[in-house]
Amino acid sequence: MTTIVVAMGEKNGIGFDNRLLWHLPKDLKHFKEITSGHPVIMGRKTYESIGKPLPNRTNIVVSRKTDWFEEGILIVGSIKEAMKFAKKIDEEIFIIGGGKIYEQTLDITDRLEVTLVKAELEADTYFPKIDPKIWKKTHETSHEKDDKNQYDFCFQTYERI
Ligand SMILES: NC(=O)c1ccc[n+]([C@@H]2O[C@H](COP(=O)([O-])OP(=O)(O)OC[C@H]3O[C@@H](n4cnc5c(N)ncnc54)[C@H](OP(=O)(O)O)[C@@H]3O)[C@@H](O)[C@H]2O)c1
């Protein structure tokens with residue numbers, strides 16, 4: 001099973017200036033729970049934005065650059081190669097962004113784990129439209145903002161129709 005994990009605002013914004021748009025510790029905890037123990041595939045910019053390998057997960061970073069190396073991550077030259085490596089490691093694969101990687105993997109993904117953040121924030125990177133003819137929402141839980149989590153949000157699961 002290949003799953004995309006994404007947190008997006010109400011207009012599908014996911015990032016600005018190579019950063020996330022919010023501070024939601026509950027979402028980070030949810031992300032950790034879903035992905036821990038499994039390979040995660042990400043674009044080079046998302047890796048740079050996180051700044052270090054995510055622990056307890058094989059970090060597979062996609063880049064066309066051939067002249068770099070970093071400890072603790074697997075660098076691959078294409079999404080196809082990333083998928084090939086990930087599938088050798090585990091049946092459960094997680095694609096964790098960013099925008100460029102989501103655009104190219106939505107068609108090969110079985111499930112979406114979306115955090116819908118109830119805010120309209122300025123973004124420069126977006127998640128593609130979730131086509132209701134292709135995806136059905138199978139699960140949703142709502143969470144209200146509190147002193148640590150800036151906005152109301154929902155965790156949503158989508159599966160292919
Ligand atoms: N809200 C969320 O859930 C979430 C999740 C992840 C990221 N983000 C945000 O998204 C933004 C980053 O997204 P982004 O679209 O700018 O960048 P990205 O998708 O993270 O990375 C793009 C880079 O990946 C490499 N790449 C992309 N397609 C490739 C291919 N087919 N073959 C080989 N390499 C390929 C290239 O690296 P090279 O330039 O090295 O060749 C490209 O520059 C940040 O703001 C981040 O905070 C948000």
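**Close-up 1. Polar contacts to the ligand in the predicted model.** In this predicted model, a polar backbone atom of Gly-98 lies 3.0 Å from an oxygen atom of the ligand. The protein covers 89% of the 930 Å² of accessible area that the ligand has on its own. An N or O atom in the side chain of Thr-46 is 2.6 Å from an oxygen atom of the ligand, and a nitrogen atom of the ligand is 3.1 Å from a backbone N or O atom of Ile-14.

**Close-up 2. The shell around the ligand.** The ligand occupies the largest pocket, where 28 residues surround it, the closest being Ala-7, Arg-44, Thr-46, Ser-63 and Arg-64. By residue class, this shell is made up of 13 polar, 9 nonpolar and 6 charged residues. At least two shell residues come from each of strand E1 (2-8), strand E2 (13-15), helix H2 (44-50) and helix H4 (99-105), and H4 provides the largest share, with 5 residues.

**Close-up 3. The cis peptide bond at Gly-98.** Gly-97 and Gly-98 are joined by a cis peptide bond, for which omega is about 0°. Gly-98 belongs to the loop between strand E6 (93-95) and H4, and the polar backbone atom 3.0 Å from a ligand oxygen atom also belongs to Gly-98.

**Close-up 4. Positive phi values in the loop between E2 and H1.** Asp-17 is located in the loop that runs between E2 and H1, and its phi is positive, at about 55°, although Asp-17 is not a glycine. Asn-18 is likewise placed in the loop between E2 and H1, and its phi, near 60°, is a positive value in a residue other than glycine. Asp-17 counts as exposed because its relative accessibility is 53%, whereas Asn-18, at 39% relative accessibility, counts as partly exposed.

**Close-up 5. Thr-35 and its contact with Arg-57.** Thr-35 is part of helix H1, which spans residues 25-35. With a relative accessible area of 0%, Thr-35 is buried, and its side chain makes a polar contact of 3.0 Å with the side chain of Arg-57.

**Close-up 6. Thr-138 and Thr-157.** Thr-138 is found in strand E9, which comprises residues 135-143, and is partly exposed, with a relative accessible area of 37%. Although Thr-138 and Thr-157 are 19 residues apart along the chain, their C-alpha atoms are separated by 5.6 Å.

Notes
Residues are numbered from 1 along each chain as its sequence is written. This is a predicted model: local features need pLDDT of at least 70, side-chain atom pairs count only at pLDDT 80 or more; totals for chains, interfaces and linings use all residues. Side-chain values use heavy atoms; hydrogens and water are left out. A residue is near a molecule or strand if one of its heavy atoms lies within 4 Å of it. A polar contact is a pair of N or O atoms within 3.5 Å; within protein, one must be able to donate a hydrogen and the other to accept it, and residues adjacent in sequence count only if both atoms are side-chain atoms. Accessible areas come from the Shrake-Rupley method with a 1.4 Å probe; for residues, only the protein chains shown count as cover. On a 1 Å grid over the protein atoms alone, a cavity is a set of points where a 1.4 Å probe fits but cannot get out, and a pocket is an open set with protein on both sides within 12 Å along at least five of seven lines; lining residues have an atom within 4 Å of a point. A molecule sits in a cavity or pocket if more than half of its atoms lie within 2 Å of its grid points. Helices (H or I, at least four residues) and strands (E, at least two) are DSSP runs, numbered from the N terminus. Ala, Val, Leu, Ile, Met, Phe, Trp, Tyr, Cys and Pro count as nonpolar, Asp, Glu, Lys and Arg as charged, and the others, Gly among them, as polar. Buried means under 20% relative accessible area, exposed over 50%, partly exposed in between (1.4 Å probe, protein chains only).
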